[in-house]
2 protein chains.
Amino acid sequence: MKIDLLVTNCTLLPLPGTQEIIARGFVAITGGDITAIGPMDQCPPVGTGTMLDGQGQLVLPGLVNGHCHAPMILFRGLADDLALSSWLQDHIFPAEARLVNPAMVYPCTKLAAAEMLLAGITCVADGYFFEADVAQACAEVGLRCVAAQGIIDFPAPGVADPRDNIAVATTFLDQWQGRDPLIKPALFAHSPYTCSPRTLTRAKELARQYRTSLFIHVAETKGEIEQISTPLAASPIRHLDALGLLDRETVCVHCVWADEEDLDLLARREAGVIICPQSHLKLASGRAPLPSMLARNIRVGLGTDGAASNNSLDLFREMDLAAKMYKILPPDPVAVPAQRILDLALRGTAEVIGLHPGSGMLAPGSPADLILLDTNRPNLQPWYSSDLLVYSGCAAAVRSVIVDGRLVVHERKLLTIDLAETMTQVNRLASRTS
Amino acid sequence: MKIDLLVTNCTLLPLPGTQEIIARGFVAITGGDITAIGPMDQCPPVGTGTMLDGQGQLVLPGLVNGHCHAPMILFRGLADDLALSSWLQDHIFPAEARLVNPAMVYPCTKLAAAEMLLAGITCVADGYFFEADVAQACAEVGLRCVAAQGIIDFPAPGVADPRDNIAVATTFLDQWQGRDPLIKPALFAHSPYTCSPRTLTRAKELARQYRTSLFIHVAETKGEIEQISTPLAASPIRHLDALGLLDRETVCVHCVWADEEDLDLLARREAGVIICPQSHLKLASGRAPLPSMLARNIRVGLGTDGAASNNSLDLFREMDLAAKMYKILPPDPVAVPAQRILDLALRGTAEVIGLHPGSGMLAPGSPADLILLDTNRPNLQPWYSSDLLVYSGCAAAVRSVIVDGRLVVHERKLLTIDLAETMTQVNRLASRTS
């Protein structure tokens, strides 16, 4: 078997079905896949492939960011410490109306993709407008992306007349389906409070037709509950279900205000859920009922949300917070164990957003999306268990990143684009926000 | 005026009394003090001093860690996801009884000090046993330390007979008072539930005699409230007050379960408070009433607590969490604005733990404890305000660190000790924990 990239001398967490850490191991990659993995004494010859010395480094599957609006990195810190409704309507929507166009989406996504890769995120599920430019930017930077074109019943960037929203989305799907191995096109209906039942139904029909995922913000704030509830569908999640939207290919983002009946429904329909802990706190939305979701075996994953409401595209921080925030009110130190969170950030999220079934683990046949962490640093000493990655892991430990078999970050440097130029472009745009 | 170290071309946040960021500025340091600061066009000649180019970097006062048990870095991750009582009594106390001695305290503190400096922390208030070895290690690594010798009514590391606890503490104060400009010796009474009223009173007398601070864990858990409350002193904080302990030189650490009357008392006595948000969540202790503390102008600061209950000695993470965690339950996006948190992490904490009055700010006469942040990285773009430091700041951005006028971290490398050797020593100790 020809090897394209061979990672040697690295530390490997227990492989599926085993208990032992491999202190000196290898990962062999051919094309975009992991083809072999094991201890160094079984390492095959590299042949004409490239060798990457993983000495002193821990190899992990890349982290998967289940929800983002990459271009919104431009609005990071533009308006902090506000409630979601005022943040959106007084600040973000006006700034978006004025500034969002392909010339903004493309460089801003490149910057966001750079931030994510450097933080060990190898795949993002993104939802925005001009999503073709998001897809283009991610492909160029080398970040895997489930790119979901936004659908909303208001005039939106790139969709002046909302009656065209489904048509624009269809064009996007046609354009990007099968075009790039890194990009999976999908759909993102903004929310039940900004999309009519007809729009939601049509969006889901379109997603089914193209066999892709439909993402939707739902039950994010208490206000939304009051706004959407009707005698027939007493919650936004039941509203979606009444419209036939809930299935394995629908991803309900946020679900902060999902009640017991909603949770039962999400479990029964096997719908996916992505929670964004930092964003939920920052926008004062609340705390999604993660322990109840896990108790019901709901398919759930983690996301950062956009940088404007977080304000970091950093899944290490999400993991740490998710593992801690449920331990109080009421007090329960084992409400969500660290190991469960690590599993969510790797396999769980990948599964929810519809990646290849082998994603989020290290095994032959899995996509070669992986990261090398420098554990030889003070904040990652000593090592008793992989809980350490949840409670002390950090973006700064990420030394190399491989996506789809391609080395995109090496020795903490992004290899794919001119990052300084991208930062300059984004800062030029930022100077026009006020 | 002779200059020893001159930082040039750096970005400076608005100086006290001004509104404007200085895009190209300088900081002049003589001995351990800042002697001049301003825009580059007023920069004095460096003479025979050392020049440090701050191009593309933001200079901030060093972060101040208001509470730590540095040697406990050995127990980071040894026992996660447990309640405080079980964590302490079933895991930490037994491990401490077996392992804590000067040969453990010294290298472990060096590692903790390294982690803190690399994360932009220039001063820590530490409390542990064998605190002389903590002080020695911090002085060597170059971290400023308010080193507080532990006092407890149980046999403890270095104090086999608890009747000697005050005598051992006195010896420590005698040894370290005025010995090293980086070290201020102080006292740390473990808690009202592990120290008798007589011990607490004697500890406070000793602190007064040596004009230093007395730190004490108090009102950390709900269980403690029930344990300590008596008809005469219905809460641990009122218990301390009844013993005459509360004044400006007493630092009440945690105060998670301070009720309204306690808070009024802390304000009236002008006692200091340190909260440790990450630790409070991780140990399922609860959420300290920070908004109520700020509303009463209680002197409050932030700490990480020991690495075993956090698990990172990283004040950027504490700031981010402290700014977010009060925004929910009940929802209030402006419960604690980011700017208030930044001020706490710089000036507030420094004031509470009794540092020089100029600490935590950049001004002539202030101690030269400062950090240079590389803002030229994706996760710190764009810049709209210094809120960015709270919501997106990270240890990884710290490029250089100066403590007491001495450059101790440069280009992310610790200059003062052999870090690899220290890590090896700590890992050797870690292999003996089980």
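## A tour from the whole chain to one loop residue

Start by selecting chain A: with 434 residues, a compact globule would have a radius of gyration near 22 Å, and chain A has 21 Å, which agrees. Keep in mind as you look around that this is a predicted model.

**Stop 1: chain A as a whole.** Align the view with the principal axes, and the C-alpha atoms fill a box of roughly 65 × 50 × 40 Å. Switch on a cartoon and you will find 14 helices and 17 strands in chain A. Now colour by burial: 60% of the 434 residues are buried. A contact map is a nice companion here, since among contacts in chain A with a separation of 6 or more, 72% join residues 24 or more positions apart.

**Stop 2: the two domains.** Select 5–61 together with 366–414 for domain 1 of chain A, then 63–352 for domain 2. Place a marker at the C-alpha centre of each domain, and the two markers sit 29 Å apart. Where the domains meet, 21 residues of domain 1 are in contact with 22 residues of domain 2. Which elements give two or more residues to the domain 1 side of this meeting place? They are helix H13 (387–391), strand S15 (398–403) and strand S16 (406–410) of chain A. H13(A) has the largest share, with four residues. Colour this side of domain 1 by class and you get 13 nonpolar, three polar and five charged residues.

**Stop 3: across to chain B.** Bring chain B into view next: 50 of its residues are in contact with 50 residues of chain A. On the chain B side, select helix H2 (102–118), helix H9 (277–282), helix H13 (387–391) and helix H14 (419–430), each of which supplies at least two residues. H14(B) provides the largest share of that side, five residues. By class, the chain B side divides into 30 nonpolar, ten polar and ten charged residues.

**Stop 4: helix H11 of chain A.** Return to chain A and select 315–324, which is helix H11. Is H11(A) mostly covered or mostly open? Mostly covered: ten of its ten residues are buried. Charged side chains are worth displaying here, as the buried residues include A:Arg317, A:Glu318, A:Asp320 and A:Lys324. A:Leu315, A:Phe316 and A:Met319 are also among them.

**Stop 5: the loop and A:Leu329.** Follow the chain onward from H11 into the loop that leads to helix H12 (338–352), and pick A:Leu329. Why does A:Leu329 count as partly exposed? It has 14 C-beta neighbours inside 10 Å, whereas a residue needs 20 or more to be buried and 12 or fewer to be exposed. Leaving aside neighbours within four places in sequence, the contacts of A:Leu329 are with B:Arg287 and B:Leu329. Show those two residues of chain B alongside A:Leu329.

**Stop 6: helix H12 of chain A.** Finish by selecting 338–352, helix H12. At 1.5 Å a residue, its 15 residues should span 21 Å, and the end C-alpha atoms are 19 Å apart, which agrees. Rotate until you can see the bend of about 45° at A:Leu344. Twelve of the 15 residues are buried, so H12(A) is largely enclosed by the rest of the structure. Among the buried residues are A:Leu344 itself, A:Arg347, A:Gly348 and A:Glu351. Step just past the end of the helix to A:Gly354, which takes a positive phi of about 85°.

Definitions and conventions:
Residues are numbered from 1 along each chain as its sequence is written. Chains are lettered from A and ligands numbered from 1 in the order in which they are written. This is a predicted model: local features need pLDDT of at least 70, side-chain atom pairs count only at pLDDT 80 or more; totals for chains, interfaces and linings use all residues. The radius of gyration is taken over C-alpha atoms; the globule rule is 2.2 Å times the number of residues to the power 0.38. Two residues are in contact if their C-beta atoms, placed from the backbone, lie within 7 Å. Domain bounds come from an automatic or database domain assignment. Ala, Val, Leu, Ile, Met, Phe, Trp, Tyr, Cys and Pro count as nonpolar, Asp, Glu, Lys and Arg as charged, and the others, Gly among them, as polar. The expected span of a helix is 1.5 Å times one less than its number of residues. The bend at a residue is the angle between axes fitted to the seven residues ending there and the seven starting there.
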